[in-house]
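Reader: I am new to this structure and would like to go through it by question and answer. Please show it before we start.

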Amino acid sequence: MDHPDCPDQRHKLCRVMNEVLSRVGDRWSVQIVYALSRGTMRFNELKRELGISQRVLSESLRDLERDGLIARRHYAMIPPRVEYDLTDLGRTFQEPVMAMAKWAFDHQPCIEANRRAFAEAEPILSD
């Protein structure tokens, strides 16, 4: 792929694009941005809504915060309250995430039908 912003052409995709897409294109980052596109959420709200483990959610939120896509606000109260929201940069990612979500919802029946047809047509291999 020849692109002026990709000076290192040794790889199919340049390192910069690969690095960014590996962060924003992973399963949990996309789902977190999708959830936060509806507004501020607390940690346990996200955990419940996404059905994600505490460890994976913590890591994903930390990565998204490090990259500047989400903001974490800690309120010193008892019990402590932590909220997450999209930053301005995160909101720019909302549009492609919403487009991917719409595509997934619109095409899910077709994909499921194709999977069933593929499974039915696949020969059974024996030892």
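Author: Two strands pair if DSSP finds at least two bridges between them. Helices (H or I, at least four residues) and strands (E, at least two) are DSSP runs, numbered from the N terminus. This is a predicted model, in which local features need pLDDT of at least 70 and side-chain atom pairs count only at pLDDT 80 or more, while totals for chains, interfaces and linings use all residues. Residues are numbered from 1 along each chain as its sequence is written, and side-chain values use heavy atoms, with hydrogens and water left out.

Reader: How many bridges join strand 2 to strand 3?

Author: Strand 2 and strand 3 run antiparallel. Within strand 3, Asp85 stands opposite Ala71. The number of bridges joining strand 2 to strand 3 is six.

Reader: Which strands stand at the edges of the sheet?

Author: The sheet is open and holds three strands in the order 1-3-2, with antiparallel pairing. Each edge strand has a single partner strand, so one side of it is left without a neighbour in the sheet. The edge strands are strand 1 (41-42) and strand 2 (70-75).

Reader: At what angle do the axes of helix 3 and helix 4 cross?

Author: Phe43, Leu46 and Lys47 of helix 3 meet Gln54, Leu57, Ser58 and Leu61 of helix 4; contact means heavy atoms within 4.5 Å. Axes are lines fitted to C-alpha atoms, for helices over the stretch in contact, and angles run from 0 to 180 degrees between N-to-C directions. The axes of helix 3 (residues 43-50) and helix 4 (residues 54-66) come within 10 Å, and they cross at roughly 115°.

Reader: Which helix gives the largest share of the largest nonpolar core?

Author: A nonpolar core is a set of buried Ala, Val, Leu, Ile, Met, Phe, Trp, Tyr and Cys residues joined through side-chain atoms within 4.5 Å. Of the 22 residues in the largest one, Leu36, Leu46, Leu61 and Tyr84 touch the most other members. Helix 2 (27-36), helix 3, helix 4, strand 3 (81-86) and helix 5 (88-121) each supply at least two residues. The largest share, six residues, comes from helix 2.

Reader: Is Val24 buried or exposed?

Author: Val24 lies in helix 1 (residues 15-24) and touches Ser29, Val30, Leu69 and Phe93, not counting residues up to four places away in sequence. Buried means under 20% relative accessible area, exposed over 50%, partly exposed in between (1.4 Å probe, protein chains only). The relative accessible area of Val24 is 13%, so Val24 is buried.
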